[in-house]
Amino acid sequence: MPSIITCAAVTKRYANGFLALDAVDLVIDKGEIFALLGPNGAGKTTLIGVICGTVTMTSGSVRVDGFDVLRDYRAARSRIGLVPQELALDIFSTVRATVSHSRRLFGRPPDPAYVERLLRDLSLWEKRDARIVELSGGMKRRVMIAKALSHEPDVLFLDEPTAGVDVNLRRDMWALVRRLRDDGVTVILTTHYIEEAEEMADRVGVIDKGRILLVEDKAALMRKLGKRRLTLVLHRPLPALPAALAGWPIALEDQGKRLTYVFNASADDTGVPTLLRRLAEAGVDFMDLETTASSLEDIFVDLVGRAA
């Protein structure tokens with residue numbers, strides 16, 4: 001699949017010496033939903049700012065749809081819609097006027113039908129003539145998204161778009177993101193709600209301390225790094241693990257009523273048959289068992305922990 005964003009050795013060092021981005025290489029494909037994950041201060045927002053032209057990189061290069069963000073700033077920026085974390089709106093303008101004005105700023109001709117469809121998609125049509133100051137926080141966030149999409153961009157950045165918003169907006173937003181992807185729009189999101197990235201993203205990138213730790217297809221990542229957890233509900237609580245199980249990656253939980261074992265499901269030998277045999281030999285009976293897969297959050301925490 002052709003790329004739409006290419007970052008090569010992107011570095012950002014601030015005047016105080018803080019290194020926010022450390023030689024970041026990143027390629028994002030056309031028409032994908034890409035989730036950029038990382039702890040607070042990892043460099044997510046700085047990288048988005050560099051790509052969108054709101055932050056000046058110290059060195060490196062970025063191209064958007066073939067256009068260099070420094071030499072061809074207008075062409076590159078016209079292809080990008082950005083929903084930042086902070087609300088930035090003219091509070092005395094109406095919803096429809098705000099979105100229409102944003103479209104004009106990018107040199108797009110008036111298109112009332114497109115603006116109406118966009119406002120309806122974001123459940124804003126009934127508020128089209130309301131002033132921004134009269135809206136709730138969730139409705140203001142919807143207007144920010146409508147502004148970002150007003151000029152029909154090829155790339156949409158969503159920087160923590162659902163932080164602190166209501167469930168209805170979150171549901172509407174992800175439905176809209178899926179429709180945009182189906183229409184060929186590339187969507188890059190950062191989020192603290194990792195379950196959203198797990199549900200929505202095609203690929204995942206993890207950044208920490210200004211460095212990209214990993215970029216991987218989500219399904220392949222979860223196959224490669226995901227683990228499974230076997231939980232046994234015991235007939236009788238155990239005060240301690242039997243000596244025969246010393247050295248195994250197992251733990252007693254729930255006051256000795258449950259035993260958990262973490263294993264690599266893709267390994268040739270998961271260890272599960274041997275574990276069950278050892279338990280039987282030690283006289284440990286169980287009345288139920290279940291297995292669960294690691295979530296993307298488990299993988300993310302593990303990756304960041306290893307890089308610390």
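Leu26, Ile28, Phe34, Leu36, Leu47, Ile48, Ile51, Phe157 and Ile188 form the lining of the largest cavity. Welcome to a quick tour of the empty spaces in this predicted model, with a short stop at its strand pairing. Besides the enclosed space, there are two open pockets to look at: the largest holds about 550 Å³, and the second largest about 270 Å³.

**The enclosed cavity**

- Searching the whole structure turns up one cavity of 30 Å³ or more, and the space inside the largest cavity comes to about 30 Å³.
- At least two lining residues of this cavity come from each of strand E2 (19-29), strand E3 (33-37) and helix H1 (44-52).
- H1 provides the largest share of that lining, with three residues.
- The character of the cavity wall is easy to sum up: nine nonpolar residues, no polar and no charged.

**The largest pocket**

- This pocket, with about 550 Å³ of space, has 26 lining residues, and those nearest its centre are Arg77, Leu82, Pro84, Met144 and Lys147.
- H1, which also contributes to the cavity lining, returns here: H1, strand E6 (80-83), helix H3 (95-105) and helix H5 (137-149) each give at least two residues to the pocket lining.
- Among the contributors, H3 gives the most, namely five residues.
- The lining of the largest pocket is mixed in class, with eleven nonpolar, ten polar and five charged residues.

**The second largest pocket**

- Here the lining consists of Tyr114, Arg117, Leu118, Asp121, Leu149, Glu152, Pro153, Leu176, Arg179, Leu180, Asp183 and Val185.
- Helix H4 (112-121) and helix H6 (167-182) each supply at least two of these residues, and H4 accounts for the largest share, four residues.
- Sorted by class, the lining of the second largest pocket has seven nonpolar and five charged residues, but no polar ones.

**Strand pairing around E4**

- Strand E4 (residues 59-64) runs antiparallel to strand E1 (residues 3-13), and five bridges join the two.
- E4 also pairs with strand E5 (residues 67-68), again in the antiparallel sense, over two bridges.
- Val64 is a handy residue to follow: in E4, Val64 is the bridge partner of Ile5, and Val64 also stands opposite Phe67 in E5.
- Two residues lie between the strands in the hairpin of E4 and E5, where Asp65 adopts a positive phi near 55°.

Technical notes. Residues numbered from 1 in each chain as written. Predicted model: local features only at pLDDT ≥ 70, side-chain atom pairs only at ≥ 80, totals over all residues. Heavy atoms only, no water. 1 Å grid on protein atoms, 1.4 Å probe; cavity = no way out; pocket = protein on both sides within 12 Å on 5 of 7 lines; lining within 4 Å. Points joined across faces, edges and corners; volume = space filled by probe spheres on them. Nonpolar A, V, L, I, M, F, W, Y, C, P; charged D, E, K, R; others polar. Pairing = 2+ DSSP bridges.
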